[in-house]
Amino acid sequence: MVMGRRPDVKTARAPVVALDVALGVAQIATALARVPFCRPLAGHSSPLSNLGISVTREVIRSFMGYTSSLRIPEFRSLELLLDDLCKTIMPPYVRALDVHSQEGEFGGVPGILYVPRRSEPVGVILYLHGGGYIGTSPTMYAFFTSRVCRETDCAVFVADYRLAPEFPYPAGAEDASSVYEALIAAGVPAGRIFLAGDSGGGGLANTLLLEDSERFAPVRPAGLVLFSPEVDLRLDEPSVTENAEHDILPWNIPTSSYLHGFDESNEAVSPLTADLAGFPPTCVTWGGDEMFRDPIRRYVKRLDNAGVRTEAQEFEGMFHVFEILMPWLEDSRDAFGLVRNFVRNVVDDAPPLTRDLVRTLDHRD
């Protein structure tokens, strides 16, 4: 369930929320007014695509900066509104991708399960959504995760894990671990389970592997799929400041509400400090203009040095999680193609899913 509907999570009164919405609209209008002064047609793509990139960059950065400045109950109330809106507008897009979606839970953790209609699933992806460990919901990711489902022919379970500051580290990792254990207990071969995530969700996938390394040894997932992962919470790399004006992220990225006093350099939350030997095959995509560029580059290099089979691509001129925000771009299509081929190559040699398990995951009408 979205955070605002969890017990003991506070939300704001309706008049306050209405005021927040009005001020948010004004903030977005200001962001749009800035676009003509940002050389919106310049860039590595076509003028129309460059314009779309410029508009998206200004609007999302402004929106994220505004919402992260709100009091927690107000933030949760806006999140509820967005979640309800997505429940209305997303289903037709999901159906258009020939994907079936259904609410469910694994290991006591709620979420949304996506299953391809056109074929039997070849594997299962445990997807951990982004949002800086503090925001968004599986419903807001419906178009993107259903696209992942269609491209990979995998069932995709988007876990609605607990978020900070109400539930700081390690609550989200505990939820992810519960889902993974439930998938194994249900009979899904580890060789057909992928961990995946974007931004903070990508960081959480790493946390899961690092904290439960001994437990994962006999049931290591088949692969790891990451989109612009947040792999170093120290935030001390050059790109964090050099790319601040080009990215969608606010320049003052918040981490304290998630860490809640936990050491930001600990390998559990900053895998750049960890030994990555033993990691499953990993696929990583990211943008050349994002603030996390340098940490991700070093993360990929550490994977290579550790002998991990790695497929990685940096996309010039693109910002954080561009595949989610602008899925129609050629760069986004190329990123999906990389992920599709990666998943198919990994499952080629994996044990098959049983018919009973396929029926459990397959909820097509």
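# Briefing: a buried glutamate, salt bridges and packing

Setting aside neighbours within four places in sequence, Glu-323 contacts Phe-144, Phe-227, Thr-285, Ser-332, Ala-335 and Phe-336. The model is predicted. Glu-323 belongs to helix H11, which covers residues 322-325. The points below start from this residue and move on to helices H12 and H10, strand S5, the salt bridges and one glycine.

**Glu-323**

- Glu-323 is buried but has no salt bridge.
- The nearest side chain of opposite charge is that of Arg-147, 10 Å away. A salt bridge requires a side-chain nitrogen of Lys or Arg within 4 Å of a carboxyl oxygen of Asp or Glu.
- The side chain of Glu-323 does make a polar contact with the side chain of Thr-285, at 2.5 Å.
- Ser-332, Ala-335 and Phe-336, which are among the contacts of Glu-323, are also among the buried residues of helix H12.

**Helix H12**

- H12 has 18 residues, and its end C-alpha atoms are 26 Å apart, in agreement with the 26 Å that 1.5 Å a residue should give.
- The buried residues of H12 are Asp-331, Ser-332, Ala-335, Phe-336, Gly-337, Leu-338, Val-339, Phe-342, Val-343, Val-346 and Val-347.
- These buried residues pack against H4, S5, S6, S7, S8 and H11.

**Strand S5**

- S5 runs over residues 193-198, and 6 of its 6 residues are buried.
- Both faces of S5 are covered, with Ile-193, Leu-195 and Gly-197 on one side and Phe-194, Ala-196 and Asp-198 on the other.
- Strand S3, residues 124-128, pairs with S5 in the parallel sense over 5 bridges. Within this pairing, Phe-194 in S5 is the bridge partner of Ile-125.
- S5 and S6 also run parallel, joined by 5 bridges. Here Phe-227 in S6 is the bridge partner of Asp-198.
- Phe-227 is also one of the residues in contact with Glu-323.

**Helix H10**

- H10 spans residues 293-305 and has 13 residues.
- From its first C-alpha to its last, H10 reaches 18 Å, close to the 18 Å expected at 1.5 Å a residue.
- Arg-293, Asp-294, Pro-295, Ile-296, Tyr-299, Val-300 and Leu-303 are buried in H10.
- The cover over these buried residues includes helix H6 (200-211), strand S6 (223-227), helix H8 (238-242), strand S7 (282-287) and strand S8 (310-315).
- After H10 comes Gly-307, which has a positive phi near 80 degrees.

**Salt bridges**

- The whole structure contains 20 salt bridges. Three of them are described here, with the general point that side chains of opposite charge can pair when their charged atoms come close.
- Arg-76 and Glu-79 form a salt bridge between their side chains, at 2.9 Å from N to O. The two residues are 3 apart in helix H3 (residues 72-96), so about one helical turn separates them. Arg-76 and Glu-79 are both buried.
- Asp-153 and Arg-344 form a salt bridge, with their closest N and O atoms 3.8 Å apart. This pair links distant parts of the chain, 191 residues apart: Asp-153 is in the loop between helix H4 (142-152) and strand S4 (155-159), and Arg-344 is in helix H12 (residues 330-347).
- Asp-153 counts as buried because its relative accessible area is 15%, under the 20% limit. Arg-344 has a relative accessible area of 35% and is partly exposed.
- Glu-242 and Arg-293 meet through their side chains in a salt bridge of 3.6 Å, N to O. Glu-242 lies in helix H8 and Arg-293 in helix H10, so the pair ties together parts that are 51 residues apart in sequence.
- Glu-242, Arg-293, Asp-294, Arg-297 and Glu-314 form one network through salt bridges that share partners.
- Within that network, Glu-242 is partly exposed at a relative accessible area of 47%, whereas Arg-293 is buried at 13% relative accessibility.

**Gly-52**

- Gly-52 is located in helix H2, residues 47-67.
- Its relative accessibility is 22%, so Gly-52 counts as partly exposed.
- Gly-52 and Val-158 are 28 Å apart in space, C-alpha to C-alpha, and 106 residues apart in sequence.

Technical notes. Residues are numbered from 1 along each chain as its sequence is written. This is a predicted model: local features need pLDDT of at least 70, side-chain atom pairs count only at pLDDT 80 or more; totals for chains, interfaces and linings use all residues. Side-chain values use heavy atoms; hydrogens and water are left out. Helices (H or I, at least four residues) and strands (E, at least two) are DSSP runs, numbered from the N terminus. Buried means under 20% relative accessible area, exposed over 50%, partly exposed in between (1.4 Å probe, protein chains only). Lys and Arg count as positive and Asp and Glu as negative; His and the chain ends are not counted. A polar contact is a pair of N or O atoms within 3.5 Å; within protein, one must be able to donate a hydrogen and the other to accept it, and residues adjacent in sequence count only if both atoms are side-chain atoms. Contact means heavy atoms within 4.5 Å. The expected span of a helix is 1.5 Å times one less than its number of residues. Two strands pair if DSSP finds at least two bridges between them.
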